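Please examine the sequence and the three-dimensional structure shown below. The paragraphs that follow lead through selected features of the fold and of the ligand site.

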Amino acid sequence: MRAIGYTQHLPIDDSHSLIDFEMQRPDPTGHDLLVQVQAVSANPVDLAVRRNTEPLDPQAPKVIGFDAYGTVTAVGNAVTLFHPGDVVFYAGSFKRPGSYSEFQLVDERLVGHAPTKLTPAQSAAMPLTALTAWEALFEQLGIDPHADNHGKTILVINGAGGVGSVATQLAHWAGLTVIATASRDETIAWTRDHGSDFVVNHRQDLVPQVHDLGDQVVDYILELSNLNQHWPEIVDLIKPSGHIVSITGSDTPIDLRALKNKRATFAWEWMFTKAYFETPDMGSQHQILEQIRALLDAGTLVSTLTKTLQPINAQNVMAAHRLLNNHHMRGKLVIQN
Ligand SMILES: NC(=O)c1ccc[n+]([C@@H]2O[C@H](COP(=O)([O-])OP(=O)(O)OC[C@H]3O[C@@H](n4cnc5c(N)ncnc54)[C@H](OP(=O)(O)O)[C@@H]3O)[C@@H](O)[C@H]2O)c1
């Protein structure tokens with residue numbers, strides 16, 4: 001089967017940074033599905049994976065890529081949730097070969113049935129970002145989407161990126177007032193169209209801008225861009241006993257002591273945690289994707305697709321990675337066959 005990967009850590013402008021190659025098609029066992037991939041998305045994590053310094057086997061390229069839309073062609077003997085012929089979407093696992101290949105093995109507990117009312121590209125745009133946004137809001141921040149959340153406010157730092165574009169929609173669906181950040185006309189308009197009630201500019205101090213909206217502090221903060229840069233603003237703007245989640249990590253230590261007097265809580269979100277550690281609740285990603293599918297098919301959520309490249313090959317993945325590298329993405333970029 002055809003696949004895309006790398007054998008050397010090269011800058012994305014190098015024409016050999018990703019290569020097309022042939023590899024043996026795998027067979028599914030246990031809980032695995034074999035999926036024929038029709039569309040994939042590009043995520044900032046792909047850049048980090050490609051850049052990292054783990055030793056590489058020059059004879060066996062590392063296949064990258066997360067997010068896929070495709071058709072189940074065979075199943076392992078322990079599979080109960082899917083059948084051959086089912087059309088599915090999923091983000092995948094950090095530890096296994098990625099989705100930039102003709103066929104991919106994926107554990108059924110990480111997979112959902114694909115939306116029926118969206119195009120393959122619109123569907124492929126969603127899984128990784130929707131899982132991240134859902135787990136951050138409804139697991140790590142502890143928001144109950146079915147409770148009465150009116151009067152509660154969330155600040156979403158980076159409202160128009162891939163994750164922010166879903167998070168603002170889900171927070172709006174849960175009944176929260178949503179303040180999102182964006183810095184350019186097109187990202188400001190985009191986040192307003194995707195669930196934000198108010199927009200503030202992350203290139204300027206967020207504190208006076210949020211105060212100007214009438215909020216001295218907010219109940220929840222979802223950090224989706226640069227934790228080190230925004231940490232002092234987060235500490236200032238979180239309500240006493242409020243909740244903060246970050247998906248980005250930090251390259252220098254953050255000072256959690258700054259939250260003590262407000263007794264605010266801080267949590268990380270990593271959407272690969274469940275699959276990476278094979279946690280007992282790993283199957284919750286199947287359930288989340290089934291709920292995302294229902295919300296998409298009902299029109300409650302809309303796909304965040306903004307750009308499509310065709311076909312899935314190394315040249316187009318490299319073009320996608322160059323676009324992600326500039327940190328100005330609005331919504332999601334998909335590559336399809
Ligand atoms: N932990 C996890 O599970 C997980 C999952 C997914 C992603 N991530 C990470 O989360 C981050 C966001 O991912 P994404 O796919 O949503 O990103 P993305 O789509 O690449 O984000 C692009 C957006 O970032 C905004 N931005 C640029 N600089 C900013 C700043 N200093 N402060 C706030 N916003 C800024 C830009 O807005 P303007 O153009 O308007 O400035 C642009 O719309 C990445 O670092 C990614 O690796 C983590």
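In which loop does Pro 311 lie? The model is a predicted one, and in it Pro 311 belongs to the loop between β15 and α10. The peptide bond that joins Gln 310 to Pro 311 is cis, with an omega of about -5 degrees. Most peptide bonds are trans, and most residues other than glycine have a negative phi. The second part of that statement also has an exception here: Glu 278, although not a glycine, has a positive phi of about 45 degrees. Glu 278 is found in the loop between α8 (273-276) and α9 (284-297).

The loop that holds Pro 311 leads into the connection between two paired strands. Strand β15 (residues 305-309) and strand β16 (residues 332-336) run parallel and are joined by 4 bridges. From β15 the chain passes through helix α10 (residues 314-325) to reach β16, and the resulting β-α-β crossover is right-handed. Within this strand pair, Lys 307 stands opposite Leu 333 in β16.

A second arrangement of strands shows antiparallel pairing. Strands of a sheet pair through backbone hydrogen bonds, either parallel or antiparallel. Here, an open sheet of 3 strands follows the order β2-β1-β4, and its pairing is antiparallel. Why do β2 and β4 each have one side without a neighbour in the sheet? Both β2 (19-22) and β4 (62-63) stand at the edges and have a single partner strand each, so one side of each remains without a neighbour in the sheet. Strand β1 (residues 2-6) pairs with β4 over 2 bridges in the antiparallel sense, and Tyr 6 stands opposite Lys 62 in β4.

The remaining subject is the ligand and its surroundings. The ligand sits in the largest pocket. The elements that contribute two or more residues to the shell around the ligand are α3 (127-140), α4 (162-173) and α7 (227-237). In total, 26 residues surround the ligand, and the closest are Ser 183, Thr 187, Arg 203, Glu 269 and Met 329.

Which polar atoms of the protein approach the ligand? A backbone N or O atom of Glu 269 lies 2.7 Å from a nitrogen atom of the ligand. In the case of Gln 229, an N or O atom of the side chain is 2.8 Å from a nitrogen atom of the ligand. For Met 271, a polar backbone atom is 2.8 Å from an oxygen atom of the ligand. On its own the ligand has 950 Å² of accessible area, of which the protein covers 88%.

Key:
Residues are numbered from 1 along each chain as its sequence is written. This is a predicted model: local features need pLDDT of at least 70, side-chain atom pairs count only at pLDDT 80 or more; totals for chains, interfaces and linings use all residues. Side-chain values use heavy atoms; hydrogens and water are left out. Two strands pair if DSSP finds at least two bridges between them. A crossover is right-handed if, with the strands pointing away from the viewer, the path from the first strand over the helix to the second runs clockwise. A residue is near a molecule or strand if one of its heavy atoms lies within 4 Å of it. A polar contact is a pair of N or O atoms within 3.5 Å; within protein, one must be able to donate a hydrogen and the other to accept it, and residues adjacent in sequence count only if both atoms are side-chain atoms. Accessible areas come from the Shrake-Rupley method with a 1.4 Å probe; for residues, only the protein chains shown count as cover. On a 1 Å grid over the protein atoms alone, a cavity is a set of points where a 1.4 Å probe fits but cannot get out, and a pocket is an open set with protein on both sides within 12 Å along at least five of seven lines; lining residues have an atom within 4 Å of a point. A molecule sits in a cavity or pocket if more than half of its atoms lie within 2 Å of its grid points.
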